[in-house]
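Here is a short note for a colleague who has not looked at this structure before. The points go from the contacts and overall layout to the interior.

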Amino acid sequence: MDAQVNPVDEAGERSRLPESQGVVIVKMTSPREAVLLLPLVRAWHAESQYRHLPFSERKFLAQVIKALQRRDDGATFYALHRGEAIGLIDVAAGEAWLSEGGRYATCLAWFVRPDIRASLLGGRLSGRLLYQARAWAIETGAASLFLNGTHGMRSSLSRLGKIMGHNVEIGLAEAGVGGDDRGRAR
């Protein structure tokens, strides 16, 4: 898989790459892109701990608009393959909430479509999405990236970092932003 961040022009529109490029990782810049993500987000909701609640397309679209208005604090990256969204990762960053200073990033959502997870592409795609979130976190000056396993799916993230319940902390120290480097993703 030759995943890359797809260039975005000044109007926020994604450049179309030829299909031969394989999987393309795109940073969401427009609410219009949320419509493309709807089938993927529905699949994620169906596997989540919230599957007993009805999925709200209206609420999802409203949250996307709100998130895009706060671009400094968060980013959503999604993977396209043959015109379909097959995975996403959503991250936010901010100061530690009970102390002065210290910037940390948190992964709010990390999902790869079930049929893709079951294929050889699944692990590589998950890694590329995590890499994009990690690179974004480093760019924002975060000391750590936290992966929170609250989506209801079982995962074995222990090799990535320090397990804290279903949470994993990936130190970003090798980027020169502080913290420590235990559990860094390679």
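1. This is a predicted model. Of the contacts in the protein chain between residues at least 6 apart in sequence, 54% join residues at least 24 apart.

2. The protein chain contains 4 helices and 7 strands. Read from the N terminus, the order of its elements is β-α-α-β-β-β-α-α-β-β-β.

3. The protein chain has 186 residues, and 40% of them are buried. Its accessible surface is about 10,600 Å², with 52% of that belonging to carbon and sulfur atoms.

4. In soluble globular proteins, nonpolar side chains tend to be buried together. Here the largest nonpolar core has 26 residues. Inside this core, the residues with the most contacts are Ile-89, Leu-125, Leu-129, Trp-136 and Leu-145.

5. Which elements each supply at least two residues of this core? They are the strands β2 (74-81), β3 (84-95), β4 (103-112) and β5 (144-148), together with the helix α4 (120-139). The element that gives the most is α4, with 7 residues.

6. Leu-129 is worth following in the model. Setting aside neighbours within four places in sequence, Leu-129 is in contact with Ile-25, and also with Phe-77, Tyr-78 and Ala-79. Its other contacts counted this way are Gly-87, Leu-88 and Ile-89, then Trp-110, Phe-111 and Val-112.

7. Apart from the largest core lies another core, of 17 residues. Its members include Val-26, Leu-80, Leu-88 and Phe-111. Leu-88 and Phe-111 are also among the contacts of Leu-129.

Notes. Residues numbered from 1 in each chain as written. Predicted model: local features only at pLDDT ≥ 70, side-chain atom pairs only at ≥ 80, totals over all residues. Heavy atoms only, no water. Buried < 20%, exposed > 50% of the residue type's maximum accessible area, 1.4 Å probe, protein only. Contact = heavy atoms within 4.5 Å. Areas by Shrake-Rupley, 256 points an atom, 1.4 Å probe, with all protein chains shown as cover. Core = buried A, V, L, I, M, F, W, Y, C linked by side-chain atoms within 4.5 Å.
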